[in-house]
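Hello,

Here is the structure we talked about handing over. Please open it and read the notes below alongside it.

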Amino acid sequence: QVQLVESGGGLVQPGGSLRLSCAASGSIFRTSAMGWYRQAPGKQRELVADWTSGGTTRYSDSVKGRFTISRDNAKNTLYLQMNSLKPEDTAVYYCNADIAASGTYYPRLYWGQGTQVTVSS
């Protein structure tokens, strides 16, 4: 059973920072693309940043220059460093990953349960 578990969310003042983590666990053969998405109340889930299967990173225009995505392949963990946070960054943040479980070859997409980020004074 493969699972993704996010952590690191919370309440922060505007201009503050948070670091989110997403740990993949279980019987994993291979992890390729991983990413962070967010969903604010009343809005659709949107891409924040991702690490493509080709090894490149992408960011939404709204977070460029403020957020940094990184990963530790040895730990099967994805990170999102969020600086200069704004109230409009308030959302539930989800990670996803293309993971081939042990005994399989083709990956499937897994999602975490989400972690709340609230930016407010």
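Two strands count as paired if DSSP finds at least two bridges between them. By that rule, β9 and β10 pair in the antiparallel sense, over four bridges. Alanine 97 stands opposite tyrosine 110 of β10. Please keep in mind throughout that this is a predicted model.

**The β9-β10 hairpin**

This hairpin has six residues between its strands. Glycine 103 takes a positive phi there, near 90 degrees. Tyrosine 105 is placed in the loop between β9 (91-101) and β10 (108-111). Is tyrosine 105 buried or exposed? Its relative accessibility is 53%. The cut-off for exposed is over 50%, so tyrosine 105 counts as exposed.

Tyr105 also belongs to a nonpolar patch on the surface. The other members are Phe29 and Tyr106. Together the three have about 430 Å² of accessible area.

**The four-stranded sheet**

Next, an open sheet. Four strands make it up, in the order β1-β3-β8-β7, and the pairing is antiparallel. Which strands form its edges? They are β1 (3-7) and β7 (67-72), each of which pairs on one side only. On average, neighbouring strands in this sheet are turned by 15 degrees against each other, direction ignored.

Two of the pairings in detail:

- β1 and β3 (residues 18-25) run antiparallel and are joined by five bridges. Serine 7 has serine 21 of β3 as its bridge partner. Valine 5 stands opposite alanine 23, also in β3.
- β3 and β8 (residues 77-82) pair over six bridges, again in the antiparallel sense. Here arginine 19 has glutamine 81 of β8 as its bridge partner.

At the other side of the sheet, look at the loop between β7 and β8, where alanine 74 is found. Alanine 74 has 77% relative accessibility and therefore counts as exposed. It is 18 residues from valine 92 in sequence. In space, the two are 26 Å apart, C-alpha to C-alpha.

**The disulfide**

How many disulfides are there? The count comes to one. Cysteine 22 and cysteine 95 form it, with their sulfur atoms 1.9 Å apart. The link of cysteine 22 and cysteine 95 is right-handed, with 50 degrees about the S-S bond. Cysteine 22 lies in strand β3 and cysteine 95 in strand β9, so the pair ties together parts that are 73 residues apart in sequence.

Are these cysteines buried or exposed? Cysteine 22 has 0% relative accessibility, so it counts as buried. Cysteine 95 has 0% as well and also counts as buried. The cut-off for buried is under 20%.

**Salt bridges**

Side chains of opposite charge can pair when their charged atoms come close. A search of the whole structure finds five salt bridges. Among them are these three, with distances given N to O:

- Arginine 38 with glutamate 46, at 2.8 Å. Arginine 38 is buried, because its relative accessible area is 6%. Glutamate 46 is partly exposed, at 36%.
- Arginine 58 with aspartate 50, at 2.5 Å. Arginine 58 is partly exposed, with a relative accessible area of 45%. Aspartate 50 is buried, at 9%.
- Aspartate 61 with lysine 64, at 3.2 Å. Both of these residues are exposed.

Which residues are linked in a network of salt bridges? They are Arg38, Glu46, Arg66 and Asp89. The pair of arginine 38 and glutamate 46 is thus listed above and appears in the network too.

**Where to look**

If time is short, try these places:

- the disulfide of cysteine 22 and cysteine 95;
- the network that includes Arg38 and Asp89;
- the nonpolar surface patch with Phe29, Tyr105 and Tyr106;
- glycine 103, with its positive phi, in the hairpin of β9 and β10.

Best wishes

How values were computed
Residues are numbered from 1 along each chain as its sequence is written. This is a predicted model: local features need pLDDT of at least 70, side-chain atom pairs count only at pLDDT 80 or more; totals for chains, interfaces and linings use all residues. Side-chain values use heavy atoms; hydrogens and water are left out. Patches are made of residues with over 30% relative accessible area and no salt bridge: like charges are joined within 9 Å, nonpolar side chains (Val, Leu, Ile, Met, Phe, Trp, Tyr) within 5 Å. Accessible areas come from the Shrake-Rupley method with a 1.4 Å probe; for residues, only the protein chains shown count as cover. A salt bridge is a side-chain nitrogen of Lys or Arg within 4 Å of a carboxyl oxygen of Asp or Glu. Helices (H or I, at least four residues) and strands (E, at least two) are DSSP runs, numbered from the N terminus. Buried means under 20% relative accessible area, exposed over 50%, partly exposed in between (1.4 Å probe, protein chains only). Axes are lines fitted to C-alpha atoms, for helices over the stretch in contact, and angles run from 0 to 180 degrees between N-to-C directions. A disulfide is a pair of cysteine sulfur atoms within 2.5 Å.
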